[in-house]
Amino acid sequence: MSRMFRMAVRNHWIDRNPAADFDLVDAGGDEVSRDRWLTVEELQQLAVAMRTTPNYGRENELAVWLLLALCVRKMELLLARWTEFDLERGVWSLHPSRTKMNQSIEIPLEAPVLRWSEEIQVFSCNSEYLLPARRLIHMKGGVPRRNRFGHISPDTLTVALRRLPLDDIEHFTVHDMRRTARTHMAA
């Protein structure tokens, strides 16, 4: 909320941030930095589980591989548009407005990522988004409603990962994918 109000102050929509006087303790807890990353063995188990779980879906699997290969944040990937990709040059140009540090980033697309991108293009059915919403309309209380997003919901991958039979692997989140990739690259 604080960030949202800070943006509203910056844009002169409101005079003061009403959440400025609150901190995480007021919100009911401390922010805890996570240090979870997946080992090579855990990644191998994840790969097998994604391929063999019938209701997991190839699109979800490709999204996980892209998160790992590109080292981007979940929402950077979910908001990705095809116009940002130059598949011939092998580059994804991420606009500063969509990065945490507000800096443009040119992300190289290596051969496996280019192959996955071609596969995703088929799934995206000419959508502007790399990972479009899979249903344009959903039911809420018996009433049809349009999806809030043109891309897959921010919760889609989280829910999909919970379906996987990964009892031998310590709990991890979608956000841990980036840390996993960075840890392995550093090693």
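**View 1. Lys100 and its positive patch.** Let us start with Lys100, which sits in the loop between strand 2 (91-94) and strand 3 (105-108) of this predicted model. Lys100 has 60% relative accessibility and so counts as exposed. Together with Arg3, Arg6 and Arg10, Lys100 forms a positive surface patch.

**View 2. The chain as a whole.** Here is the setting for the other close-ups: the protein chain has seven helices and five strands. Following the sequence, you will meet them in the pattern α-α-α-α-β-β-β-α-β-β-α-α. Of the 187 residues in the protein chain, 35% are buried. Eleven salt bridges are found in the structure, and the next two views show some of them.

**View 3. The salt bridge of Glu170 and Arg36.** In this pair, the closest N and O atoms of Glu170 and Arg36 are 3.9 Å apart. The bridge links distant parts of the chain, 134 residues apart: Glu170 lies in the loop between helix 6 and helix 7 (176-186), and Arg36 in the loop between helix 1 (2-10) and helix 2 (40-52). Take a look at how the two partners are covered: Glu170 is exposed because its relative accessibility is 54%, whereas Arg36, at 8%, counts as buried.

**View 4. A salt-bridge network around Glu61.** Arg51, Arg58, Glu61 and Glu119 are joined in a network of salt bridges. One of its links is between Arg51 and Glu61, with the closest N and O atoms 3.0 Å apart. This pair connects distant parts of the chain, with Arg51 in helix 2 and Glu61 in helix 3 (residues 58-70), ten residues apart. Glu61 also meets Arg58 in a salt bridge, at 3.1 Å from N to O. Glu61 and Arg58 are three residues apart in helix 3, so about one helical turn separates them. Within this group, Glu61 is buried at 4% relative accessibility, Arg58 is partly exposed at 24%, and Arg51 is exposed at 58%.

**View 5. Two cysteines, Cys71 and Cys125.** Are these residues buried or exposed? Cys71 has 15% relative accessibility and therefore counts as buried, while Cys125, at 61%, counts as exposed. If you are looking for disulfides, a search of the whole structure finds zero.

**View 6. Gly150 in its loop.** Gly150 is placed in the loop between strand 5 (143-146) and helix 6 (156-163). With a relative accessible area of 37%, Gly150 is partly exposed. Glu128 is also worth finding here: Glu128 and Gly150 are 22 residues apart in sequence, and their C-alpha atoms are 8.5 Å apart in space.

Terms used: Residues numbered from 1 in each chain as written. Predicted model: local features only at pLDDT ≥ 70, side-chain atom pairs only at ≥ 80, totals over all residues. Heavy atoms only, no water. Patch = residues over 30% accessible without salt bridge, like charges linked within 9 Å, V, L, I, M, F, W, Y side chains within 5 Å. Areas by Shrake-Rupley, 256 points an atom, 1.4 Å probe, with all protein chains shown as cover. Salt bridge = Lys/Arg side-chain N within 4 Å of Asp/Glu carboxyl O. Lys, Arg positive; Asp, Glu negative; His and termini not counted. Charge placed at Lys NZ, Arg CZ, Asp CG, Glu CD. Helix = DSSP H or I, 4+ residues; strand = E, 2+ residues; numbered from the N terminus. Buried < 20%, exposed > 50% of the residue type's maximum accessible area, 1.4 Å probe, protein only. Disulfide = S-S within 2.5 Å.
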